[in-house]
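Student: I should like to work through this model step by step. May we begin with the ligand and then turn to the side chains?

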Amino acid sequence: MRIISGIQPTGKIHIGNYLGAIKQWLELQKKEDCIFFIADLHSLTCPYEPKDLKESIIEAAICYLAAGIDPEKSIFFTQSDVPEHTRLAWIFNTVCPIGELERMTQFKEKSKQFRKNINAGLLTYPVLQAADILLYKAGAVPVGKDQVQHIELTRTIARRFNQKFGQTFSEPRAILSEGSKIMSLTDPKKKMSKSSDPNNCISLFEEPEAIRKKIMSAVTDTGKTVKYSPKTKPGISNLITIYSLFSEKSVKEIESNYKEKGYAEFKKDLADIIITSLQPFREKRKEFLSNKNQVIQILKSGAEKAKKIAERTISEVNQKIGINL
Ligand code: TYM
């Protein structure tokens, strides 16, 4: 089965992105035909500094590589290096109902967050995402929960295209992990996010002292018992999920280990676990940072491989829609 997924390069990649998406990718790349990319075109829809974007793309690439994405096993590239993505997105625009786009939760949230910049790209964001996926005829997409609606729309677009032009695309499914919705450390009712307060998240390369500070000041709930109950104790439950995913210990085990201990001791241990788990990423990042040209080379050669598959799909699509002279 072919697998595809991507992450936007703006803002620092955080443990929510890791536990929700990248951690699953690492497992999948052992046995499936995987394609991972940096969704730089998607990131243009939110305010950003052009002078910083190139560095952010390299930083995102280093993040993938430091986390363990292996360019020998998986195709790994930058979205804008394969223009077929935008080409297919345009064609999909012509079969995608606008009402569906206006219903997307992410569009509604981003329109509220960036009131002064509600651009058409924010609305058609999921159409480009559908093109990213269907261009490679992927069967499954490992993502966090917030992206499930976009995968459903991808299925709708595939169906509409097939109805209009004949069977071309099969419908991909989302693959969700146990960390599919990691919540903010400062407001556990919201998801951890790159685009809000920096204290809400821990980046994959965060320094140990910053990790400790953020965990120790993470919002918890009233009471002292370390108990998993997302509805009544969203703060501590989110921290238990993070603990469980980094330590590979079950929620039950964690609850019982901390039965007699309070939040402070739990948080202290959690900070230690995160610091130790992220240590190898920080070290690998240093190696790649001193070799940025090699990173760019890896992306370029990945784009060559991706392009071969993308060109085949575009040529089939052109023929189906009637623009192949
Ligand atoms: P981005 O960069 O916003 O998120 C990247 C991945 O991280 C997941 N994620 C989370 N998972 C758990 N808890 C969180 N708090 C959390 N925050 C983010 C997201 O669900 C996502 O899997 N639109 C995509 C990028 C994209 C893409 C694609 C993905 C563009 N084209 C094609 C798959 C296939 C996105 O949300 O990026």
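Tutor: We may. A polar contact is a pair of N or O atoms within 3.5 Å. Please bear in mind that this is a predicted model.

Student: Which atom of the ligand lies 2.7 Å from a backbone N or O atom of Ile-182?

Tutor: The distance of 2.7 Å is within the 3.5 Å cut-off, so the pair counts as a polar contact. On the side of Ile-182, the partner is a backbone N or O atom. On the side of the ligand, the partner is a nitrogen atom.

Student: How much of the ligand does the protein bury?

Tutor: One begins with the ligand taken alone, which exposes 700 Å². Of that area, the protein buries 97%.

Student: Which elements give two or more residues to the shell around the ligand?

Tutor: One is a strand, E1 (2-7). The others are helices, namely helix H1 (15-31) and helix H7 (120-134).

Student: How far is the side chain of Tyr-125 from a nitrogen atom of the ligand?

Tutor: Tyr-125 is among the residues that come nearest to the ligand. An N or O atom in the side chain of Tyr-125 approaches the ligand nitrogen, and the distance is 2.6 Å.

Student: What is the distance between the polar side-chain atom of Asp-146 and an oxygen atom of the ligand?

Tutor: Asp-146 also belongs to the nearest residues. Its polar side-chain atom lies from that ligand oxygen at 2.4 Å.

Student: Which residue meets Glu-248 in a salt bridge?

Tutor: Side chains of opposite charge can pair when their charged atoms come close. Here the N to O distance is 3.5 Å. The partner lies in helix H1, 225 residues apart from Glu-248. The residue is Lys-23.

Note on methods. Residues are numbered from 1 along each chain as its sequence is written. This is a predicted model: local features need pLDDT of at least 70, side-chain atom pairs count only at pLDDT 80 or more; totals for chains, interfaces and linings use all residues. Side-chain values use heavy atoms; hydrogens and water are left out. A residue is near a molecule or strand if one of its heavy atoms lies within 4 Å of it. A polar contact is a pair of N or O atoms within 3.5 Å; within protein, one must be able to donate a hydrogen and the other to accept it, and residues adjacent in sequence count only if both atoms are side-chain atoms. Accessible areas come from the Shrake-Rupley method with a 1.4 Å probe; for residues, only the protein chains shown count as cover. Helices (H or I, at least four residues) and strands (E, at least two) are DSSP runs, numbered from the N terminus. A salt bridge is a side-chain nitrogen of Lys or Arg within 4 Å of a carboxyl oxygen of Asp or Glu.
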